[in-house]
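Thanks, everyone, for making the time this morning. Please have the sequence and the structure open while I talk, since I will move from the surface inwards and then turn to the charged pairs and a few backbone details.

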Amino acid sequence: FMLTTIIVGVAFIAAQLLLGWFVFRYRARGNERARYIHGSTFIEVGGIVVTSVVFIGLAILGQRLWAQVHLTSSPPGTLQIEITGQQFQWNVRYPGPDGEFGRTSPALYEPAVNDVGIFPDDPAGRDDLVLINQLVVPVNRPVELTLRSKDVLHSFFLPTLRIKQDTVPGLAIPLRFTANRTGKFEIACAELCGAGHYRMKAYLEILEPEAYEQWLAEQEPASEYFAPAEETPATEDASHETES
C-alpha cells in the first residue's frame, strides 16, 4: 500500500505541475491565434510505455500478496470459522471441541433457531457454536474464514485489517488473516444488499489467547437452540398416548 501510494502520489504531483506549466506557458497573449500541432509520437508512445510498466508492475506485486491471502494453504493450528451472510446479519459458526463442522442444508434454515441449517442428527454439528454479528478470535493466531451467503451478494469488509471479500450464494470462499493486536473493530457489509443494508454491521473482537479460550468455554453450542433428534421418539409416544 505504501509503495503504491508513493508512486501514484509522485505521478499525481508531476501531472499537476505539468498541467500548471502548460496553462501558464500557453496562456492567452493578446490577439495571437490558436494553431494546430501534430505533437510528438515519441512522447506519446513513451508515456504509454512508462505508465504501463509501472502499473502492470504494481499489479504483479499485488497478485503475489493476493495469493498469500486467498490461494495458499493455511498453516497447522489455524482457527477455522464459517461466516454466512444473510439479509441483514452475519452468522458466525465455530466448530465445537471435536474440531469439525456439522453438515448443513438450506432446507433446514430457521430464523433465530437454526440460522445456518445444521442437521440436528449430525454428531459433528451438535457442539458447533453459532453467533450473530460477533466474530471473536485470538491475537497472533492464523484464522481462516469460509464465507458463504444465504440469499444475495454481500461483501465482508474488515477495514482495520484491510481485507474485503464478496460472499456469493452457492460458493464457499476462503479468506485468511492474522490479527496482531487486541481490540474491538467494526465489520461492515460493503455491498448494497437490500433495504436493510445499513443495519448489516458486526464486530470483530481480538482477545489474548487465554481470554479467548475462556470466552469460548462460556458459549452455548448450537444444539441449545434447536430440538435434538433424540427427542423425536418421545414426542411420537406422547401423541400415541393422547390418541389412545
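Helix 2, residues 41-70, supplies the largest share of a nonpolar patch, namely three residues. The patch as a whole consists of Val 8, Val 50, Val 54 and Phe 55, lies on the surface, and has about 300 Å² of accessible area when its members are taken together. Val 8 belongs to helix 1, which covers residues 2-25, and with a relative accessible area of 35% Val 8 counts as partly exposed. I should say at this point that we are looking at a predicted model, so please keep that in mind for everything that follows. As a general background to this patch, nonpolar side chains in soluble globular proteins tend to be buried together.

Let me go from there to the interior. The largest nonpolar core has 34 residues, and those touching the most other members are Ile 81, Ile 83, Tyr 94, Leu 135, Val 137, Leu 145 and Phe 156. Strand 10 gives the most to this core, contributing four residues. What does Tyr 94 touch, if we leave out residues up to four places away in sequence? Its contacts include Ile 81 and Leu 135, which I have just named, and also Phe 101, Asp 128, Tyr 212 and Trp 215.

Strand 4, residues 134-138, is mostly covered, in that four of its five residues are buried. This strand runs parallel to strand 10, residues 201-207, and the two are joined by five bridges. If you want one specific pairing to find on the screen, Pro 138 has Leu 207 in strand 10 as its bridge partner.

Staying with the strands, I would like you to find Thr 146 in strand 5, residues 143-149. Is Thr 146 buried or exposed? With a relative accessible area of 17%, Thr 146 is buried, because the cut-off for that class is under 20%. Setting aside residues up to four places away in sequence, Thr 146 touches Ile 81, Glu 82, Ile 83, Ala 172 and Ile 173.

Glu 82 brings me to the charged pairs. How many salt bridges does the structure hold? There are five. In one of them, Arg 93 pairs with Glu 82, and the closest N and O atoms are 3.2 Å apart. Since Arg 93 lies in strand 2 and Glu 82 in strand 1, the pair ties together parts that are 11 residues apart in sequence. Both partners are covered, with Arg 93 counting as buried at 2% relative accessibility and Glu 82 being buried at 7%.

Glu 82 also forms a salt bridge with Arg 148, where the closest N and O atoms are 3.1 Å apart. This second pair links distant parts of the chain, with Glu 82 in strand 1 and Arg 148 in strand 5, 66 residues apart. Arg 148, for its part, counts as partly exposed, at 33% relative accessibility.

A further salt bridge is formed where the side chains of Arg 103 and Asp 122 meet, at 3.8 Å from N to O. Both of these residues sit in the loop between strand 2 and strand 3, 19 residues apart. Arg 103 is partly exposed, with a relative accessible area of 47%, whereas Asp 122 counts as buried at 10%. Through shared partners, salt bridges join Glu 82, Arg 93, Asp 128 and Arg 148 into one network.

Finally, some backbone details. Most residues other than glycine have a negative phi, and most peptide bonds are trans. Against that background, the peptide bond from Gln 87 to Phe 88 is cis, with omega near 0°, and Phe 88 is placed in the loop between strand 1 and strand 2. Asn 133, in the loop between strand 3 and strand 4, has a positive phi, near 60°, and at 23% relative accessibility Asn 133 counts as partly exposed. Arg 162 likewise has a positive phi, near 60°, and lies in the loop between strand 6 and strand 7, where at 58% relative accessibility Arg 162 counts as exposed.

Technical notes: Residues are numbered from 1 along each chain as its sequence is written. This is a predicted model: local features need pLDDT of at least 70, side-chain atom pairs count only at pLDDT 80 or more; totals for chains, interfaces and linings use all residues. Side-chain values use heavy atoms; hydrogens and water are left out. Buried means under 20% relative accessible area, exposed over 50%, partly exposed in between (1.4 Å probe, protein chains only). Two strands pair if DSSP finds at least two bridges between them. Patches are made of residues with over 30% relative accessible area and no salt bridge: like charges are joined within 9 Å, nonpolar side chains (Val, Leu, Ile, Met, Phe, Trp, Tyr) within 5 Å. Accessible areas come from the Shrake-Rupley method with a 1.4 Å probe; for residues, only the protein chains shown count as cover. A salt bridge is a side-chain nitrogen of Lys or Arg within 4 Å of a carboxyl oxygen of Asp or Glu. A nonpolar core is a set of buried Ala, Val, Leu, Ile, Met, Phe, Trp, Tyr and Cys residues joined through side-chain atoms within 4.5 Å. Contact means heavy atoms within 4.5 Å.
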